[in-house]
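Subject: Structure for you to look at

Hi there,

Here is the structure I promised to pass on, with my notes underneath. Have a look at it first, and then read on for what turned up.

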Amino acid sequence: MSHPFDNVRATLVTAWHDAAIDAAGSPAPMAADDLWTLIATNHRCNRDLWAQEDAARRVDVPAEAIAGNKRAIDGLNQRRNDAVERIDEVLLARIAGVTAGTDAWHNSETAGAMIDRLSILALKVRHMGNEAARIDATAEHRAACAAKLERLHAQRGDLGRCLDTLLDRASDGRAFWRVYRQFKMYNDPTLNPELYRRAKRDS
């Protein structure tokens, strides 16, 4: 019997994250299934968020341009979090028949959130690697970035092992996690007082 999480091992996820950073437009999922479509969506949002966050720090453009970056960031963050929740739902559906033991470990971070963090770490590794290799930067800058890059690789390795451990243990009832809704209130016009108060004033 195959393992329910064979196609979502951390080594597969991190290798695909790295390769997808260079893909033009929307990176194609590694496999044609719902899980990998969601992983690709999440990674694309994180890649686009990185670019928008960089652009939002500009000081040589009108305020309207920065406002546009901020609105794009809000939308991307919403889609990113929606994908994380759906990743968790799809993963948990694979072990719907597994009952967690009474002494099972309750992981406070979800598997979807860990995959999201691996996506962000892939971006950090790539951009820090670029900085460590910059020929127009000082030797001190390159050395500092190389040291940071080494720590990022260690963090990614640790997180990948934690993801695999959680999935392995959840598959036989020794651990579990729950889907946690993010409830991004600032994006909801019925929950953000700056939006619903203005709507009342304008009505």
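The lining of the largest pocket is a mix of 4 nonpolar, 2 polar and 3 charged residues. Please keep in mind throughout that this is a predicted model. The residues that line this pocket are N46, L49, W50, E53, D54, N77, R80, I120 and L123. Helices α2 (34–55), α3 (63–94) and α4 (111–132) are the elements that each give two or more residues to that lining, and α2 gives the most, with 5 residues. The volume of the largest pocket comes to about 150 Å³.

For orientation, here is the overall layout. The chain has 6 helices and 2 strands, and their order along the sequence is α-α-α-β-α-α-β-α. Its C-alpha trace spans about 60 × 60 × 30 Å along the principal axes.

Next, the helix packing, beginning with the pairs around the pocket. How do α2 and α3 run relative to each other? Their axes cross at roughly 160° and come within 8 Å. Angles over 145 degrees count as roughly antiparallel, and α2 and α3 are therefore roughly antiparallel to each other. The crossing of this pair is left-handed. Sorted by class, the contact of α2 with α3 has 15 nonpolar, 6 polar and 7 charged residues.

The pairing of α2 with α4 has another geometry for you to look at. Here the axes are 10 Å apart and the packing angle is about 45°, which makes α2 oblique to α4. The crossing of α2 and α4 is right-handed. On the α2 side, the contact is made by I39, N42, H43, N46, R47 and W50. On the α4 side, I115, D116, S119, I120, A122, L123, K124 and H127 take part. These contact residues divide into 6 nonpolar, 5 polar and 3 charged. You will recognise some names from the pocket: N46, W50, I120 and L123 belong to its lining and also to the contact of α2 with α4.

Helix α4 also packs with α1, which covers residues 10–21. The angle between α1 and α4 is about 50°, and their axes are 9 Å apart, which makes α1 oblique to α4. This crossing is right-handed. From α1, the residues V13, T14, H17, D18 and I21 meet I115, L118, S119, A122, L123 and R126 in α4. The class count for the contact of α1 with α4 is 6 nonpolar, 3 polar and 2 charged residues. Several α4 residues serve both partners, including I115, S119, A122 and L123, which are in contact with α1 and with α2.

One last residue to click on is G129, which is found in helix α4. Leaving aside residues up to four places away in sequence, G129 touches K124 and L149. Of these two, K124 is also one of the α4 residues in the contact with α2. How far is G129 from A146, in sequence and in space? The two are 17 residues apart along the chain, and their C-alpha atoms are 7.0 Å apart.

If you open the model with the pocket in view, I would begin with L123: this residue is in the pocket lining, in the contact of α2 with α4 and in the contact of α1 with α4.

Happy viewing, and all the best!

How values were computed:
Residues are numbered from 1 along each chain as its sequence is written. This is a predicted model: local features need pLDDT of at least 70, side-chain atom pairs count only at pLDDT 80 or more; totals for chains, interfaces and linings use all residues. Side-chain values use heavy atoms; hydrogens and water are left out. On a 1 Å grid over the protein atoms alone, a cavity is a set of points where a 1.4 Å probe fits but cannot get out, and a pocket is an open set with protein on both sides within 12 Å along at least five of seven lines; lining residues have an atom within 4 Å of a point. Grid points are joined across faces, edges and corners, and a volume is the space filled by probe spheres set on the points. Helices (H or I, at least four residues) and strands (E, at least two) are DSSP runs, numbered from the N terminus. Ala, Val, Leu, Ile, Met, Phe, Trp, Tyr, Cys and Pro count as nonpolar, Asp, Glu, Lys and Arg as charged, and the others, Gly among them, as polar. Axes are lines fitted to C-alpha atoms, for helices over the stretch in contact, and angles run from 0 to 180 degrees between N-to-C directions. Angles under 35 degrees count as roughly parallel, over 145 as roughly antiparallel, 65 to 115 as roughly perpendicular and the rest as oblique. A crossing is left-handed if the near helix is turned anticlockwise from the far one by less than a right angle, and right-handed if clockwise. Contact means heavy atoms within 4.5 Å.
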